[in-house]
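Visitor: Please take one part of this model and go through it closely. I would like to know what it pairs with and what surrounds it.

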Amino acid sequence: MRRRDFIRIAALTALVPAALAGTRGARAEGVDVNAILRDPAAPTFGNADGDVTIVAFLDYNCPFCKKSAPDLARVVKEDGHIRLVYKDWPVLTEASVYGAQLALAATYQGRYEAVHNALMAIPGRRIDEPTMLKAVAGSGVDLDRLMADLKTHIADIGALLKRNAAQADSLGLSGTPTYLVGPLLASTLDYASFKRAVAEARRRQTAGE
């Protein structure tokens, strides 16, 4: 890893309990590790049996999330052994909440990733609700079903967003994007930095650190 990346990741890692290295069901310093890694309602992609899990805390009005999104997707696809968990954490605007609700409603028709990608592809920040809805409509999702699912499952979606926020708070996170890469905690990574972080996570796991 480059020294700049190592210093940033090493400093942030001090905030994360060692249990995030892979101990399931553990609680450390108020952090429910199993809930963060294994919430059954959290959209999960990549290799379900991957040796490294990346947990991504994101907001659809976060320009840095948008910048990192293609690199994250590329690393997960190319590596083939990464499990990716999305944590919708809308903290920037009210429209961010709407975007998260749309994305999560799409899970009921197996289209979360399509809607997620469409929302992340909208340039800029402070994107309003009509612009988000237009992007979602163009993603290939069944929009009528999505809106019906949003209405039907709004309580469950809201509960998931509250859990995500509570998990972010338990980790002491201050904003988006934040990525847990195995036992490491990092912000705004590019393709090369994601690869280095994954390699470092694997090294630490192998070494039992």
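Guide: This is a predicted model, and the part to look at is strand 5. Strand 4 (residues 52–58) pairs with strand 5 in the parallel sense, over 7 bridges. Within that pairing, V52 has I82 as its bridge partner. Strand 3 (residues 44–46) is also joined to strand 5, by 3 bridges, and these two strands run antiparallel. Here T44 is bridged to V85 of strand 5.

Strand 5 covers residues 82–88, and 7 of its 7 residues are buried. The cover extends to both faces: I82, L84, Y86 and D88 lie on one side, R83, V85 and K87 on the other, and all are buried.

Beyond the strands, the largest nonpolar core has 47 residues. L72, V115, L119, L146, Y179 and V181 have the most contacts inside it. Helix 4 (residues 94–105) supplies the largest share of this core, 7 residues. A second, separate core has 14 residues, among them I36, L37, A42 and L180.

Helix 4 also packs on helix 5 (residues 112–120): their axes come within 7 Å and cross at roughly 150 degrees. An angle over 145 degrees counts as roughly antiparallel, and helix 4 and helix 5 are therefore roughly antiparallel to each other. On the helix 4 side the contact is made by G99, L102, A103 and L104, which meet Y112, V115 and L119 of helix 5. By class, this contact has 6 nonpolar residues, 1 polar and no charged ones. Setting aside residues up to four places away in sequence, L119 touches G99 and A103, and also Y60, K66, M132 and V136.

Notes:
Residues are numbered from 1 along each chain as its sequence is written. This is a predicted model: local features need pLDDT of at least 70, side-chain atom pairs count only at pLDDT 80 or more; totals for chains, interfaces and linings use all residues. Side-chain values use heavy atoms; hydrogens and water are left out. A nonpolar core is a set of buried Ala, Val, Leu, Ile, Met, Phe, Trp, Tyr and Cys residues joined through side-chain atoms within 4.5 Å. Buried means under 20% relative accessible area, exposed over 50%, partly exposed in between (1.4 Å probe, protein chains only). Helices (H or I, at least four residues) and strands (E, at least two) are DSSP runs, numbered from the N terminus. Contact means heavy atoms within 4.5 Å. Axes are lines fitted to C-alpha atoms, for helices over the stretch in contact, and angles run from 0 to 180 degrees between N-to-C directions. Angles under 35 degrees count as roughly parallel, over 145 as roughly antiparallel, 65 to 115 as roughly perpendicular and the rest as oblique. Ala, Val, Leu, Ile, Met, Phe, Trp, Tyr, Cys and Pro count as nonpolar, Asp, Glu, Lys and Arg as charged, and the others, Gly among them, as polar. Two strands pair if DSSP finds at least two bridges between them.
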